[in-house]
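Reader: I would like a close look at one part of this protein. Please keep the answer brisk and connected.

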Amino acid sequence: MLWAESRPRRIFAHTEPTDMRKSFQGLLAVVRQVFSGEDPYAGTLFVFVNRRGTFLKAIAWDRTGFVLFAKRLERGRFVFPSAATSQELSERAFRFLLDGIPLGIRR
């Protein structure tokens, strides 16, 4: 699974297309801009998706550094529970999302 020893406190998704060339610092800049009230060092998982909805990146603080996770779907698209551009996901919704199971609004 994405996190080895502990689960994320919260999971936030930014559903507007994100440039997937971004790595740690670039994604942290988006976190600070979009989720300005959230502390990136608090163990929260932040999720981003590309324009086509086929590639996902997630970043989280893991006690000693940031962890960056990436997944590309071979078929289908990542479909989020709502049309909101920023939303909190349950762990169950995030697991469905990773499996490519549509949760709601298609774009």
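Where does Asn50 lie? Please start there, then place that site within the rest of the fold.

Author: This is a predicted model. Asn50 sits in the loop that runs between strand 2 and strand 3. Is Asn50 buried or exposed? Its relative accessibility is 16%. Buried means under 20%, so Asn50 counts as buried.

Next, the contacts. Setting aside neighbours within four places in sequence, Asn50 touches Pro17, Thr18, Met20 and Phe55. Pro8 gives a distance for reference. Asn50 and Pro8 are 42 residues apart along the chain. Their C-alpha atoms are separated by 22 Å.

Now the fold around that loop. The protein has two helices and five strands. Along the sequence, the pattern reads β-α-β-β-β-β-α. Strand 2 covers 45–49 and strand 3 covers 55–61.

Both of these strands feed the largest nonpolar core. That core has 16 residues. Leu45, Val47, Leu89, Phe94 and Leu97 have the most contacts inside it. Strand 1 (11–17), strand 2, strand 3 and helix 2 (91–98) each supply at least two of its residues. Helix 2 gives the largest share, with four residues.

Leu89 shows how parts of the chain meet. Beyond its neighbours within four places in sequence, Leu89 is in contact with Ile11, Ala13, Pro81, Phe94 and Leu97. Another core lies apart from the largest one. This other core has eleven residues, including Phe12, Leu28, Val31 and Phe48. There is a general background to such cores. In soluble globular proteins, nonpolar side chains tend to be buried together.

Finally, the whole protein. Buried residues account for 40% of the 107 residues. Take contacts between residues at least 6 apart in sequence: 56% of them join residues at least 24 apart. The C-alpha atoms fill a box of roughly 35 × 25 × 25 Å along the principal axes. For 107 residues, a compact globule would have a radius of gyration near 13 Å. The protein has 13 Å, which agrees.

The surface comes last. About 6300 Å² is exposed, and carbon and sulfur atoms supply 48% of it. The protein carries 18 positive and 10 negative charges, and the mean positions of the two sets are 7 Å apart.

Notes
Residues are numbered from 1 along each chain as its sequence is written. This is a predicted model: local features need pLDDT of at least 70, side-chain atom pairs count only at pLDDT 80 or more; totals for chains, interfaces and linings use all residues. Side-chain values use heavy atoms; hydrogens and water are left out. A nonpolar core is a set of buried Ala, Val, Leu, Ile, Met, Phe, Trp, Tyr and Cys residues joined through side-chain atoms within 4.5 Å. Buried means under 20% relative accessible area, exposed over 50%, partly exposed in between (1.4 Å probe, protein chains only). Contact means heavy atoms within 4.5 Å. The radius of gyration is taken over C-alpha atoms; the globule rule is 2.2 Å times the number of residues to the power 0.38. Accessible areas come from the Shrake-Rupley method with a 1.4 Å probe; for residues, only the protein chains shown count as cover. Lys and Arg count as positive and Asp and Glu as negative; His and the chain ends are not counted. The place of a charge is taken as NZ of Lys, CZ of Arg, CG of Asp or CD of Glu.
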